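Visitor: I am new to this structure and would like a close look at a single part of it. Could you pick one residue, start from what surrounds it, and lead me outward from there?

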Amino acid sequence: MSEASVAVHADADMLAQAVAARLLVKLLDAQADRGEAAVVLTGGRIAAAVYRAVGQLPARDAVDWSRVDVWWGDERFLPAGDPERNETQARAALLDVVPLDPARVHPMPASDGPAGNDPEAAAAGYAEELARAARPGHATLPHFDVLMLGVGEDGHVASVFPGHPVHYETRPCSAVRGSPKPPPVRTTLTLPAINTAEEVWLVAGGADKARAVGMALAGAGPVQLPAAGVHGVHRTRWLLDRAAAADVPARLRSLR
Ligand SMILES: O=C(O)[C@H](O)[C@@H](O)[C@H](O)[C@H](O)COP(=O)(O)O
């Protein structure tokens, strides 16, 4: 089993700053080790705060952004450029302010994209894109150095919601219909795909996340609480603010 750790920061702003700093270091280390780096982004408020913080850190210029692959863990199935798309949010906050190679930015398809308004076709198309970038010896997925996830109040991660049939999906990317969080139609990496990442970071801030975070770390079942079912191959990091960490068993905390 990979190593799991919990870091607790004073508040949501400090959490975003700390995750941003960690992300830069992770990308630098990956580039030093492998010559390139791959990050998987997610959506939500805390993710947006992290992207903004990365874009504002002077150390961002130490990363060779032309050798960073950007993937998404989930997407809201909406037209390109819709302000609610996770891609739109990440571009505005970070991707438009660093010199990425556009060929290495891999957004999940939009509902007005080449696959049309068909989320199943969009998910299949993304699975093909992932397979085209697969690492040697691995048929379906590229190497992910770090995969970031927000945590829903109900314990969802990416667009894997409690009790949803997507739990039983073995393909790397799936359409999701009937999401309890709007919009109802989404695409998501599935848990088996998420769990191939070298490091998985679960980032959560605010008191409304305390119950889900506490239950996940106390060993809840993944179908009821998807956050309990994700882990990195090498490391799983829970990156929290104090409010979100309120129900974390004391033995698991390292207060910062
Ligand atoms: O598309 C989305 O909304 C997400 O990818 C979702 O999984 C999000 O990360 C969590 O719901 C946490 O979102 P907040 O940080 O806004 O609570």
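Guide: Happily! Let us start at Asn 86, which touches Thr 42, Gly 43, Gly 44, Trp 72, Asp 74, Glu 75 and Arg 76, leaving aside residues up to four places away in sequence. Please keep in mind that this is a predicted model. Asn 86 has a relative accessible area of 1%, so it counts as buried, the cut-off being under 20%.

Now take in the helix around this residue. Asn 86 is found in helix H3, which spans residues 86–95 and is mostly covered, with seven of its ten residues buried. Besides Asn 86, the buried residues of H3 are Glu 87, Gln 89, Ala 90, Ala 93, Leu 94 and Leu 95. They cover an arc of only 160 degrees around the axis, which means that they sit on the same side of H3. In an α-helix there are 3.6 residues a turn, so residues three or four places apart point the same way.

What lies over those buried residues? The cover includes strand E2 (37–41), helix H2 (45–56), strand E3 (68–72), strand E4 (74–76) and strand E5 (105–106).

Some of the residues that Asn 86 touches also bring us to the ligand. Gly 43 and Arg 76, both touched by Asn 86, are among the residues that come nearest to the ligand, together with Arg 45, His 156 and Lys 209. These five belong to a group of 15 residues around the ligand. Asp 74 is another residue that Asn 86 touches, and an N or O atom in the side chain of Asp 74 is 2.7 Å from an oxygen atom of the ligand. Two further polar atoms are worth finding on your screen. In Ile 46 a polar backbone atom is 3.2 Å from a ligand oxygen atom, while in Arg 186 a polar side-chain atom lies 3.0 Å from an oxygen atom of the ligand.

To finish, here is a strand to set beside the helix. In strand E9 (residues 199–204), six of the six residues are buried, so this strand is largely enclosed by the rest of the structure. Glu 199, Trp 201 and Val 203 point one way from E9, whereas Val 200, Leu 202 and Ala 204 point the other way. E9 pairs in the parallel sense with strand E6 (residues 146–150) over five bridges, and with strand E10 (residues 235–241), also in the parallel sense, over six bridges.

Technical notes
Residues numbered from 1 in each chain as written. Predicted model: local features only at pLDDT ≥ 70, side-chain atom pairs only at ≥ 80, totals over all residues. Heavy atoms only, no water. Buried < 20%, exposed > 50% of the residue type's maximum accessible area, 1.4 Å probe, protein only. Helix = DSSP H or I, 4+ residues; strand = E, 2+ residues; numbered from the N terminus. Pairing = 2+ DSSP bridges. Arc of directions from axis to C-beta. Contact = heavy atoms within 4.5 Å. Near = heavy atom within 4 Å. Polar contact = N/O pair within 3.5 Å; in protein donor to acceptor, adjacent residues only side chain to side chain.
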